[in-house]
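The following exercises concern a structural model and are to be worked in order. Each task is followed by a stepwise solution.

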There are 2 protein chains.
Amino acid sequence: MVYKSLQQLEELVKNKPVRRLAVAAADDKTVLLSIKSAYEANYIHPILVGNSAKIEHIAAEIGLNLQNVEIVHAASADEASRFAVSLIRSEKADVLMKGMVPTAIILRAVVDKENGMIKGNEILSHISISEISCYHKLLALTDGAMNISPDFNQKIQILNNAVNVLRNLGYEKPKVAVLAPLETVNMKIESSVHGAVMSVMNKRKQIKNCIVDGPLALDNAISAEASKHKAIESEVAGDADILLVSDLNMGNGLYKAFNFLANAQTAAIITGGCAPIVLTSRADSEQNKHMSIVLACLMVK
Amino acid sequence: MVYKSLQQLEELVKNKPVRRLAVAAADDKTVLLSIKSAYEANYIHPILVGNSAKIEHIAAEIGLNLQNVEIVHAASADEASRFAVSLIRSEKADVLMKGMVPTAIILRAVVDKENGMIKGNEILSHISISEISCYHKLLALTDGAMNISPDFNQKIQILNNAVNVLRNLGYEKPKVAVLAPLETVNMKIESSVHGAVMSVMNKRKQIKNCIVDGPLALDNAISAEASKHKAIESEVAGDADILLVSDLNMGNGLYKAFNFLANAQTAAIITGGCAPIVLTSRADSEQNKHMSIVLACLMVK
């Protein structure tokens, strides 16, 4: 299975059960607007944690019908975050969403050893899935917003997190391009070394459920013509499903380039914990926020 | 002065003297095709260094009139590179262009201490100038192809090299965004620290002839709306002329994203030596190769 558009993902969610979405610090207009379309389409059952009076006031203002919505009062963004996470832990909610709370505060609740959403050595990572008119299918990118400078083992976990997301969507063996500034190995360029090593680990079945190739420069990964110019023989080159970046400088740069210069439509979640997390930013478009909720709903087992 | 399109740069070159372009290892069809349009427009006087019989044969094949072309025989790509560089040093050529020679070999001739094109501590860097439909003016990016992991002082030189290029085009004080994954300083993210430091060095006039701001994420740098969402007060945010990247992973990723996913038209040169260098790749489009020659011609004093 390979998808060409985010609309195809939205079609999938229509056949799924309604998912319980716990929003931490929901007392904000932008936040409530961002869940409105998914709620009205009956994809989600919102559990709004935050200042209840303020939530009700804003809901009335934006015409959000509260009939199938739960509201849980919390006195602060910190309390709201911890309560929303506890709903996930106790299986009373399926998806966590960040509302009007600083990322650092909600993540503190998520990664809390005692009461958080992480088991053992799992790491959280960001994955975005973009529809870009210049590319022939959906293109996933990881990690564009979470891990600053992952070491080799963390990169493997980030890769596996992303592969799991695509397999949950129905991909059997997603094609992973390990990005570097060039397609040949240069021992002075760590990303090129990591690409080569991961590609062999994939051949030896140390990395499973996907086809990995690297190092590949971005053009080699997504353009059959560019990879032909370099005479690259690869199942992944020109046809990547997932781009694995070297670090956050590269990941965030590409993520922003896709959205702000390549006119991408994008869904993005934080994955790797016991439930998907929607962590949109104010600068995201309404459509991107909606599609991020859709993607999170599709990750619920 | 601010330009909206590469076509405006081409208008500039029409009023300049014809520039002498030394091509190292010109005995290749793709290479000769890439200079044909600039030659026929009378922007350049080509000095083709390489296998002379092969050059003449290919010229006949592609209809390249050799009347105003010099041909210098060289037995190998290495010899051709060294001779082409010597033409620059002896002021018999204005622009160096890489032909059918590996980048490493021509660069060895360029950086040679005795017979090369570098004075003192100058460093070479790559700058691309792109026309992207989502952005309201030309957008320069540095360094997308040359410096792997520049230290702080090298980044300052790369920044100054780029500022010089834009000033040669007529910009008085180009706006430089020092890119990072976010707009706030995080001491764990070196690019964000470098952005802050460079921005203050600019205020203290340690970096001159430009307006520097950083750290900025790519969206803050090029989207007024995204920077407004973050309440960033900056002359550069949303209006950058130059993007300074953290390293080659990020630079090459963005360079390829602009060209292969954002439909950019791009001119690119290597700058920082005593003459501009055109170093296009086979995967570049004909138009991008042509515009790179145009940009190089505009850099000649």
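**Exercise 1.** In which strand of chain B is the place of His126(B)? State also whether His126(B) is buried or exposed.

*Solution.* The model is predicted: local features need pLDDT of at least 70 and side-chain atom pairs count only at pLDDT 80 or more, while totals for chains, interfaces and linings use all residues. Residues are numbered from 1 along each chain as its sequence is written, chains are lettered from A in the order in which they are written, and side-chain values use heavy atoms, with hydrogens and water left out.

Step 1. His126(B) belongs to strand β5 of chain B, residues 125-131; strands are DSSP runs of E with at least two residues, helices are runs of H or I with at least four, and both are numbered from the N terminus.

Step 2. The relative accessible area of His126(B) is 5%, so this residue is buried (buried means under 20%, exposed over 50%, partly exposed in between, with a 1.4 Å probe and protein chains only).

Step 3. Residues up to four places away in sequence being left out, His126(B) touches, among others, Leu141(B), Met146(B), Tyr255(B) and Ile270(B) (contact means heavy atoms within 4.5 Å).

**Exercise 2.** Describe the surroundings of Lys175(B) in strand β7 of chain B.

*Solution.* Step 1. Strand β7 spans residues 175-179. Lys175(B) counts as buried because its relative accessibility is 18%.

Step 2. A polar atom of the Lys175(B) side chain lies 3.2 Å from the backbone oxygen of Glu235(B).

Step 3. Beyond four places in sequence, the contacts of Lys175(B) include Ile211(B), Glu235(B), Asp239(B) and Ile242(B).

**Exercise 3.** Characterise the interface of chain A and chain B.

*Solution.* Step 1. In the contact count, 35 residues of chain A meet 35 residues of chain B.

Step 2. The buried area is about 2,900 Å², and carbon and sulfur atoms give 72% of this (the accessible area, 1.4 Å probe, that two parts lose on being put together, summed over both).

Step 3. Two salt bridges are found across the interface (a side-chain nitrogen of Lys or Arg within 4 Å of a carboxyl oxygen of Asp or Glu). Asp219(B) forms a salt bridge with Lys256(A), with the closest N and O atoms 3.1 Å apart.

**Exercise 4.** How are chain A and chain B related?

*Solution.* Step 1. A turn of 180 degrees with a shift of 0.0 Å along the axis lays chain A on chain B at an RMSD of 0.0 Å (least squares on the C-alpha atoms of residues with pLDDT of at least 70 in both).

Step 2. The two copies are therefore related as by a two-fold rotation axis.

Step 3. The copies meet through the same surface, because 100% of the interface residues of chain A are also interface residues in chain B.

Conventions
A polar contact is a pair of N or O atoms within 3.5 Å; within protein, one must be able to donate a hydrogen and the other to accept it, and residues adjacent in sequence count only if both atoms are side-chain atoms.
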